[in-house]
Amino acid sequence: MTTARPAAVVVLAAGEGTRMRSTTPKVLHAIGGRTLLGHVLATARDLAPERLAVVVRHDRDRVAAHALELDPGVVVADQDEVKGTGRAAWCALAALDDASRVEGPVLVLAGDVPLLDSGTLGELLGAHVADGNAVTVLTTRVADPAGYGRIVRDGEGHVERIVEDRDASPGERAIDEINTSVYAFDAAVLRQGLEHLQDPDFAATSNAQGEVYLTDVVALARTHGPVRALETDDPWLVEGVNDRVQLASLGAELNRRVLEDAMRAGVTVVDPATTWVDVTVELAQDVTLLPGVQLHGATRIAAGATVGPDTTLTDTEVGEGAEVVRSHAFAARIGASAHVGPFTYLRPGADLAADAHVGGFVEVKNSTVGEGAKVPHLSYVGDAEVGAGSNLGAGVIVANYDGVSKNRTRVGAHAFVGSNSVLVAPLDVADGAFVAAGSTITRDVQPGALAVERAQQKSVPGWVARRLPGTRWAAAAEAAAGAGRGEDADGSDGTGGDQA
């Protein structure tokens, strides 16, 4: 990759994207954990440009706000009602020149090309600078070039011009080398060419759309210096998004590449066809991803951990050697060698220490579960601290909400809470304390104490015989009572003799 640094990068993100059939601007649709614009801006920043501009027009406020959220240093340039990529580039250069006149190489990129990488742009920039080109165009060859601008070369193989599909002759339409809408310009050449394009008569007569085409600068630039092309043999890198079909297709290809890179780095992906990993996810060596896994956002999986099957983690940290089975987690932390699942829901703020066990049908929210502590099944733990080595039995509920505010509960180290108990916050169950099964605890429990809160059991003998005579319940009860007296179900005493 070249060490050349662009004077500016211009990202064209003004289009409406009508074929997306969406109220969301095209460049704000997402694949692989980033919007289309987010992918392009991240790639542009990898080149360390002196300045970075994004051109906006359709749904200007949303696109501009998103660009500034991703990169506060970006210059937002507004395109007016004059249509065309040439007008967009003109507006960007004018906005950049307002601060100080741009001099040197300028990269122009489309805002809907998410797979384009900084390595390819670095090669384009390096070739542009090394050859002293006026313009360098990134091109590729495709089996079906319909809809794309064609690269027209002169007799010596140099780039002569770019002709849009609608303006191409039958012979030009047969050309399979296409324009990718990725360019490196000399700033002075770009500025002069754009000034020429602003003549309304030129736009009205130069193409079928009557728009201001950036591609027209290529032909004009030949009087200033060499115009060359850098051809990439990977069409996916320069594929743009025009509709939902292409969005899905590029999303699948991006995911395939992410998984391939992960596997080559030492991650086991059992079923790539059902595994989806965002570009922002970090996977360590010897991680195993089982079928049906989705990893999103800032999720990080440490060495030796196993995730899946059928697990979705978002912004979640998983420690070394941990296991997460058929579970969902969002903004949670899972410690080393911890076990989670199946059917566990970790909500924001769930923090499981090393060797913790949170089992089936458990929900944890804004709570810590200490080292070696267990919440095995069928429980809700909200706004709580569960100490190291403690055990919450089946059906335990930490009742954190009183209808007005959330309150906290502390369960100390090596405490035991029996099944089907309710801990009503605010509450402190101290170290080594026990809570008897079926209790509703509303007052603090002292260290080593046993807390019991439940009504005394009452049995009413003969209730079934009196209230439900002749039913199967009465018959079962009568048979059991007879067996308890040493009699057979038929009333005999079991000796084989006749009754007197």
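This is a short walk through two helices, two pockets and a few unusual spots in the backbone.

Okay, ground rules. It's a predicted model, where local features need pLDDT of at least 70 and side-chain atom pairs count only at pLDDT 80 or more, while totals for chains, interfaces and linings use all residues. Residues are numbered from 1 along each chain as its sequence is written, and side-chain values use heavy atoms, with hydrogens and water left out.

Let's start with the helices. Helices here are DSSP runs of H or I with at least four residues, strands are runs of E with at least two, and both are numbered from the N terminus. Helix α1, residues 36–46, and helix α2, residues 60–70, have axes that come within 10 Å and cross at roughly 40°. Axes are lines fitted to C-alpha atoms, for helices over the stretch in contact, and angles run from 0 to 180 degrees between N-to-C directions. That makes α1 oblique to α2; angles under 35 degrees count as roughly parallel, over 145 as roughly antiparallel, 65 to 115 as roughly perpendicular, and the rest as oblique.

Who touches whom? On the α1 side we have Leu37, Gly38 and Leu41, and they meet Val63, His66, Ala67 and Leu70 in α2. Contact means heavy atoms within 4.5 Å.

Now the pockets. A pocket is an open set of points on a 1 Å grid over the protein atoms alone, where a 1.4 Å probe fits, with protein on both sides within 12 Å along at least five of seven lines; lining residues have an atom within 4 Å of a point. The largest one holds about 1,800 Å³ of space, a volume being the space filled by probe spheres set on the points, which are joined across faces, edges and corners. It has 45 lining residues, and Arg19, Lys26, Thr85, Asp112 and Asn242 lie nearest its centre. Strand β10 gives the most to that lining, with five residues.

The second largest pocket has about 500 Å³. Its lining has 26 residues, with Leu254, Arg257, Val258, Asp261 and Val279 closest to the centre. Here α9 gives the most, again five residues, and our friend α1 supplies at least two.

Last stop, the backbone. Gly308 and Pro309 are joined by a cis peptide bond, omega about 0°, and Pro309 sits in the loop between β18 and β19. That loop also holds Asp310, which has a positive phi of about 55° although it isn't a glycine. The bond from Ala425 to Pro426 is cis too, with Pro426 in the loop between β37 and β38.
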